[in-house]
Amino acid sequence: MGVDFKAVDSAAPQAQPSGQGRRIGIVVARWNDAITTRLLRGALAQLELRGTAADDVDVHWVPGAFEIPLMAKIMAGSGRYDAVITIGCVIRGDTAHFEYVAGPAAEGVLQAQLATDVPVIFGVLTVETRHQALVRSVIDGDYEGDNKGAEAVDTALEMAQVLEDFARAS
Ligand code: INI
């Protein structure tokens, strides 16, 4: 492959990943479902925008963010998906054991992708307040912000493409 030394000083390539033909698994936590439902809606809208077929998307719910890694690992290891997206919301102000939930959720998601060689995307909000969660799960412009569920889709599709390109070139 090699590298073009002179091209590196230009801007990083913009990722506009196609979702066509991609099979995507989504695991969503029910805790704070007023927020996780918004993230899920953002993710599904983005998948549709990117051209992923509805039949190629599966959604599985789990009780809380702490339960996400197990389901994500099982889904990633099933061979059915090009990527798995995890969606959850942990709010520091709501719990005395924020660190015990948010940390293991992030670490577990990392372990799931390393154990399976399938991208497992961390779409779990870890925020201080409910308002922060709302501005990171925007639906139809109802807040000034963005939707991390939609962002997770583009990360998933980009990683699926990166791994596919690497495998093809190897
Ligand atoms: N789970 C979440 O997804 N978000 C939270 O904010 C949260 N709080 O606040 O505690 C939370 N707790 C539940 C946890 O994920 C597990 O479901 C539970 O501990 C059982 O294992």
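Let me start with strand β3, residues 83-91, which gives the most to the lining of the largest pocket, with three residues. Please keep in mind throughout that this is a predicted model.

The largest pocket holds about 170 Å³ of space, and its lining is made up of W31, N32, G64, A65, F66, E67, C89, V90, I91, T95, H97 and V101. When the residues of that lining are divided by class, seven are nonpolar, four are polar and one is charged.

What, then, takes up the space of the largest pocket? It is the ligand that occupies this pocket, and around the ligand we find W31, N32, G64, A65, F66, E67, C89, V90, I91, T95, H97 and V101. Strand β3 again supplies the largest share, contributing three residues to the shell around the ligand, and by class that shell comprises seven nonpolar residues, four polar residues and one charged residue.

Let me turn to the polar contacts of the ligand. On the backbone side, a polar atom of A65 lies 2.8 Å from an oxygen atom of the ligand, while a polar backbone atom of C89 lies 2.8 Å from a nitrogen atom of the ligand. From a side chain, N32 places a polar atom 3.3 Å from an oxygen atom of the ligand.

How much of the ligand's area does the protein bury? The ligand taken alone exposes 460 Å², and the protein buries 80% of that.

To draw this together, the ligand takes the space of the largest pocket, with β3 giving the largest share of the surrounding shell, and with polar backbone atoms of A65 and C89, as well as a polar side-chain atom of N32, at the distances I have given.

Key
Residues are numbered from 1 along each chain as its sequence is written. This is a predicted model: local features need pLDDT of at least 70, side-chain atom pairs count only at pLDDT 80 or more; totals for chains, interfaces and linings use all residues. Side-chain values use heavy atoms; hydrogens and water are left out. On a 1 Å grid over the protein atoms alone, a cavity is a set of points where a 1.4 Å probe fits but cannot get out, and a pocket is an open set with protein on both sides within 12 Å along at least five of seven lines; lining residues have an atom within 4 Å of a point. Grid points are joined across faces, edges and corners, and a volume is the space filled by probe spheres set on the points. Helices (H or I, at least four residues) and strands (E, at least two) are DSSP runs, numbered from the N terminus. Ala, Val, Leu, Ile, Met, Phe, Trp, Tyr, Cys and Pro count as nonpolar, Asp, Glu, Lys and Arg as charged, and the others, Gly among them, as polar. A residue is near a molecule or strand if one of its heavy atoms lies within 4 Å of it. A polar contact is a pair of N or O atoms within 3.5 Å; within protein, one must be able to donate a hydrogen and the other to accept it, and residues adjacent in sequence count only if both atoms are side-chain atoms. Accessible areas come from the Shrake-Rupley method with a 1.4 Å probe; for residues, only the protein chains shown count as cover. A molecule sits in a cavity or pocket if more than half of its atoms lie within 2 Å of its grid points.
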